[in-house]
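Here's a quick tour of a protein and the DNA it comes with. Have the picture open while you read, and find each spot as we get to it.

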Number of protein chains: 2
Amino acid sequence: MEPKIKIIVVDDHKLFLEGLCVLLSKQKNFEVIGKASNGKEALHLLNSFQPDVLIMDLNMPIMDGQIASEKVINLYPFLKILVLSMYNTVTLNADLKKLGIKGYLPKDTDSELLFSVINDIYDGKTYFKQPLEPCLPKNEFTLSDGFLKKHNLTHREVEILKLIGNNFSSSQIATKLYISIFTVDTHRKNMIQKLNVDNKNGLLNFAKENNLS
Amino acid sequence: MEPKIKIIVVDDHKLFLEGLCVLLSKQKNFEVIGKASNGKEALHLLNSFQPDVLIMDLNMPIMDGQIASEKVINLYPFLKILVLSMYNTVTLNADLKKLGIKGYLPKDTDSELLFSVINDIYDGKTYFKQPLEPCLPKNEFTLSDGFLKKHNLTHREVEILKLIGNNFSSSQIATKLYISIFTVDTHRKNMIQKLNVDNKNGLLNFAKENNLS
DNA sequence: TCGTATATACCGAGTATTAGGTATTTTTTT
DNA sequence: AAAAAAATACCTAATACTCGGTATATACGA
């Protein structure tokens, strides 16, 4: 029997951390030798334990995953790091590659893919999941009428809300939708009232929290 | 031996979903009888299986957790729903209570608390974790110098960035920090350049993605 | 068909942000 | 002590957002 792949997992969401560890431990060729809730704890752990693969969440308090990864790589250049994250931007993958990280996966992948990527990385390969910008345009289809009713929004308003969430200005939105800037302003104004937020930033937050961007 | 508590888990992050299910299954008085990746799937599942407790994520694509919960409660008024979420706002708990949901927990709680809350809810109690606004002020202490260096930001800039992330206007920030609005503008301008974002909204996004708010 | 909801467009006045600067003081580092 | 970095303050002009309105055409349901 070949030796098990030794893994340390770092994530601040404790439920996710524990769940993931159990999931990995159930695989017969993986062994979770440690877990940490933030970058600092992870560095501490690495003083005592040397894993083959380090699974690291980005977006953690105390010490951000990217910074922690940087430090880890400086200290242990041959340690293979797999990054998990919720957000994915166009430049993120490039940044991670430059850092010397061996792989990236979004948090909504299924476990089978995770397992195979861990094996691949252990074997010296790399794997970077591409962000799917053009795919999943979050069109009308995915928006239930329930969502509209719940927030008392109309289709057109949500359409504009998405554009606001994607950081377009009123005049840009007006151009894009072939309507007057006054109309865009009106819709924005109405949404601010309906959603009970203070200003455009509130709409931006709402869009982000409801995955409208 | 008393009967096990039957549970269905709904979450779009597949890794989290699988991990959580395994975690729950390992407890001897829980039995996971189903899992779903969105509200629609959950409603489908409930046609065939009746759990004692439904664990539901908010913030899902296809069908949002809150809407799904509403529908579920209409169909099965006696089903106990426990909501998990990453974001927590002041009004969220109130909304959930009004809906008839039995409990709320943030996603970074540890498993022990989750287990005990599931038991409590099963026993007819409710549990709503209070949002901790004043706590965790994300002060200078939690911000590593690494973070500053990585993004080439200064302490003062991050201080202002946090306030921008918390939706304060330049003039409000100026008042709060006892400095001129011009100074705030300068810092904002510099950060927009340093972080390579388009405008204030970009800063808002950056703040949000880096947990600065 | 009649009302309601929706989408559209406009006005004015005030406030905020943005993109170019320049420039001084304070703090930190060498 | 000198140099570099950080924080401070100011200017102008353009653009964007906000809040108080009003108003019309169109689509949709009872």
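Let's start at DNA strand C: helix 7 (155-165) and helix 9 of chain A, together with helix 8 (170-177) and helix 9 of chain B, each supply at least two residues of the surface near this strand. Keep in mind that this is a predicted model. We'll look at both DNA strands, then at a helix beside the DNA, a contact between the chains, and some strands in chain A.

**Around DNA strand C**

- There are 19 residues around DNA strand C, and the ones that come nearest are Thr154(A), Arg156(A), Ser180(A), Thr183(A) and Lys189(B). Of the atoms of DNA strand C that come within 4 Å of the protein, sugar and phosphate account for 64%.
- What kinds of residues make up the surface near DNA strand C? They split into three nonpolar, ten polar and six charged ones.
- Two residues of chain A reach phosphate oxygens here in their own ways. Ser180(A) uses a backbone N or O atom, which sits 2.7 Å from a phosphate oxygen of DNA strand C. His187(A) uses a polar side-chain atom, 3.1 Å from a phosphate oxygen of that strand.
- The bases get a visit too: an N or O atom in the side chain of Thr186(A) is 3.2 Å from a base nitrogen of DNA strand C.

**Around DNA strand D**

- Now hop over to DNA strand D, which is surrounded by 19 residues. The closest are Lys189(A), Thr154(B), Arg156(B), Ser180(B) and Thr183(B).
- Which helices should you look for here? Helix 8 (170-177) and helix 9 (181-194) of chain A, plus helix 7 (155-165) and helix 9 (181-194) of chain B, each give at least two residues to the surface near DNA strand D.
- That surface is made of three nonpolar, ten polar and six charged residues.
- Of the atoms of DNA strand D within 4 Å of the protein, 65% are from sugar or phosphate, and the rest are from bases.
- On the phosphate side, a polar side-chain atom of Thr183(B) is 2.8 Å from a phosphate oxygen of DNA strand D, and one of Arg188(A) is 3.2 Å from a phosphate oxygen of this strand.
- On the base side, find Thr186(B): a polar atom of its side chain lies 3.3 Å from a base nitrogen of DNA strand D.

**Helix 7 of chain B**

- Is helix 7 of chain B largely enclosed or largely open? Eight of its eleven residues are buried, so this helix is largely enclosed by the rest of the structure.
- The buried residues are Glu157(B), Val158(B), Ile160(B), Leu161(B), Lys162(B), Leu163(B), Ile164(B) and Gly165(B).
- After the helix comes Asn167(B), which has a positive phi, near 75°.

**A serine that reaches the other chain**

- Ser111(B) is part of helix 5 (residues 111-122) of chain B. With a relative accessible area of 5%, Ser111(B) counts as buried, because the cut-off is under 20%.
- What does Ser111(B) touch? Leaving out residues up to four places away in sequence, Ser111(B) touches Leu15(A), Glu18(A) and Leu23(B).
- With Glu18(A) there is also a polar contact, side chain to side chain, at 2.4 Å.

**Parallel strands in chain A**

- Strand 3 (residues 53-57) and strand 4 of chain A run parallel and are joined by five bridges. One pair to look for is Ile55(A) with Leu82(A).
- Strand 4 of chain A is mostly covered, with five of its six residues buried.
- Next, strand 4 (residues 80-85) and strand 5 of chain A run parallel, with four bridges between them. Val83(A) partners Tyr104(A), and Ser85(A) stands opposite Pro106(A).
- Strand 5 and strand 6 (residues 127-128) of chain A also run parallel, joined by two bridges. Here Tyr104(A) has Phe128(A) as its bridge partner.
- Which way do the residues of strand 5 (residues 103-106) of chain A point? Gly103(A) and Leu105(A) point one way and Tyr104(A) and Pro106(A) the other, and all of them are buried. Side chains in a regular strand alternate between the two faces of the sheet.
- Finally, strand 5, helix 5 (residues 111-122) and strand 6 of chain A form a β-α-β unit that is left-handed.

Note on methods: Residues are numbered from 1 along each chain as its sequence is written. Chains are lettered from A and ligands numbered from 1 in the order in which they are written. This is a predicted model: local features need pLDDT of at least 70, side-chain atom pairs count only at pLDDT 80 or more; totals for chains, interfaces and linings use all residues. Side-chain values use heavy atoms; hydrogens and water are left out. A residue is near a molecule or strand if one of its heavy atoms lies within 4 Å of it. A polar contact is a pair of N or O atoms within 3.5 Å; within protein, one must be able to donate a hydrogen and the other to accept it, and residues adjacent in sequence count only if both atoms are side-chain atoms. Ala, Val, Leu, Ile, Met, Phe, Trp, Tyr, Cys and Pro count as nonpolar, Asp, Glu, Lys and Arg as charged, and the others, Gly among them, as polar. Buried means under 20% relative accessible area, exposed over 50%, partly exposed in between (1.4 Å probe, protein chains only). Contact means heavy atoms within 4.5 Å. Two strands pair if DSSP finds at least two bridges between them. A crossover is right-handed if, with the strands pointing away from the viewer, the path from the first strand over the helix to the second runs clockwise.
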